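Good morning, everyone, and thank you for making time for this. Please have the sequence and the structure in view while I talk, and I will go from one residue to its surroundings and then on to the ligands.

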Amino acid sequence: MDPLAVALVLVAVHFGAPLAYYVEAKRWLKRPWDVKRDLQHTPTVTVAIPTYNETRHIEEKLEDVYRQDYPRDRLEIIVVDSASIDGTAEKARRWAAAHPDADVKVVEEPQRRGKASALNAALAMARGEVFIITDADCRWPQKDALKKAVSWLADPSVGAVTCLKKSAADGPAGVEAGYRGHYNVLRLAESKKWATPIFHGELAAYKTELLRKIGGFPLDIGADDSHTAAKIAAMGYRVVAAEDLWCVEAVPHNGYHRWRIRRAQHLLQHLLKTPVEEAPPPMRPIFLAEKYLHLANPWLLPAAVAALVAAATPPALALLAAGAAALALKPYRTWIAAQLYLMAAAVKNLWDNELVWEKQDKRYS
Ligand code: GDD
Ligand code: MN
């Protein structure tokens, strides 16, 4: 086959497959939830905050949880600090002492063994019927975030629930916000169909009993939030992103690319290691699509470029030039950037899983 034709097919599949999935997702979005929520549901809740060098954020995070409109006697907060060297644990302890009406425990691990290990320490001592994880460097802008989160768990068919995300900043070249908007639509659509394989550590709420049944957070997969949700889905429960639950995440002001690559690495580890057959039948097409889109589809792009370069005919070179010129368009640029992060992540995963990662400074504007 002539290389130009090969390139055209690769390009068509690369852009056509995600587009087709998006169109299908938009149809799922129109479905009813079939979930019996209860906004009066107030189970006991444990909020676990894992920290490593979070002095800049920990107090505001604790305030965030403290401000929640939720019965205080049903809310436990556990900060697990893994040997921070910036005084995070002291700061958390001081905050706890100044707020005796809040049930705050500060656990200090003697050494840093990663976020999942810290979450497991919190899970081992949690008293709540619902176990919620949240990163120190994210915000819950809604005062009723907790109430909303647990309202979904009132339905016995739902095992876990997560938020949608807004970025506090847009990242270089304006790519972050665009990426988020598109992602949120997919998370919601998948949730309405049955379950989403991608959860967010900014706010993920699990039925504690189920979390214990699956053995807690995985120590070998960076996407602890998503992988636990998938395991719970494998038990037959729905695991959903809630349409009315929002978190704001800080974006690093330097090392943005490194940050995106590390997170992609974690997501790929999860998608690679979760067998499709484990998912309940209605979730299988979702899992298959996400696996394909994250693990395979990005690579069609360099293959197409290689074919065009090999062809080296005027139409092939014109197509290459058009592809490069289109980078001026934000949605296209956002897409290409995401593909590059996924490919870089796949390569990096070959030698470094980044299960314990460098703390990056982030900001909210
Ligand atoms: N206790 C403890 N021990 N906490 C940790 C450790 C650790 O070794 N490493 C990171 N954390 C904490 C951070 O302090 C923060 O509260 C949270 O885990 C997330 O880590 P960040 O360094 O802020 O990473 P992020 O902003 O990119 O987080 C996103 O990606 C992660 C996976 O790559 C979020 O989606 C996280 O939920 C996700 O785990
Ligand atoms: Mn973070």
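Let me begin with Lys148, which counts as buried because its relative accessibility is 17%, where buried means under 20% relative accessible area, exposed over 50% and partly exposed in between, with a 1.4 Å probe and protein chains only. Before going further, I should say that this is a predicted model, in which local features need pLDDT of at least 70 and side-chain atom pairs count only at pLDDT 80 or more, while totals for chains, interfaces and linings use all residues. Residues are numbered from 1 along each chain as its sequence is written, chains are lettered from A and ligands numbered from 1 in the order in which they are written, and side-chain values use heavy atoms, with hydrogens and water left out.

Lys148 lies in helix α5, residues 145–153, where helices (H or I, at least four residues) and strands (E, at least two) are DSSP runs numbered from the N terminus. If we set aside residues up to four places away in sequence, Lys148 touches Arg37, Leu39, Gln142, Asp244 and Leu245, contact meaning heavy atoms within 4.5 Å.

A second buried residue is Ile286, which counts as such because its relative accessibility is 0%, and which belongs to helix α10, residues 284–296. Its contacts, apart from neighbours within four places in sequence, are Tyr21, Trp28, Glu190, Lys193, Trp194, Ala195 and Pro197. The C-alpha atoms of Ile286 and Ala25 are separated by 9.4 Å, although the two residues are 261 residues apart along the chain.

Now to the ligands: which residues have polar atoms beside an oxygen atom of ligand 1? A polar backbone atom of Ala136 is 2.9 Å from an oxygen atom of ligand 1, and a polar side-chain atom of Trp357 lies 2.7 Å from an oxygen atom of this ligand, a polar contact being a pair of N or O atoms within 3.5 Å; within protein, one must be able to donate a hydrogen and the other to accept it, and residues adjacent in sequence count only if both atoms are side-chain atoms.

Finally, the manganese ion, ligand 2, has as its protein donors Asp137 (OD) and Asp137 (OD), at 2.3 to 2.4 Å, donors being N, O and S atoms within 2.8 Å of the metal (3.2 Å for Na, K and Ca), and since water is not among the atoms, sites may look incomplete. Asp137 itself is found in the loop between β4 (130–133) and β5 (138–139).
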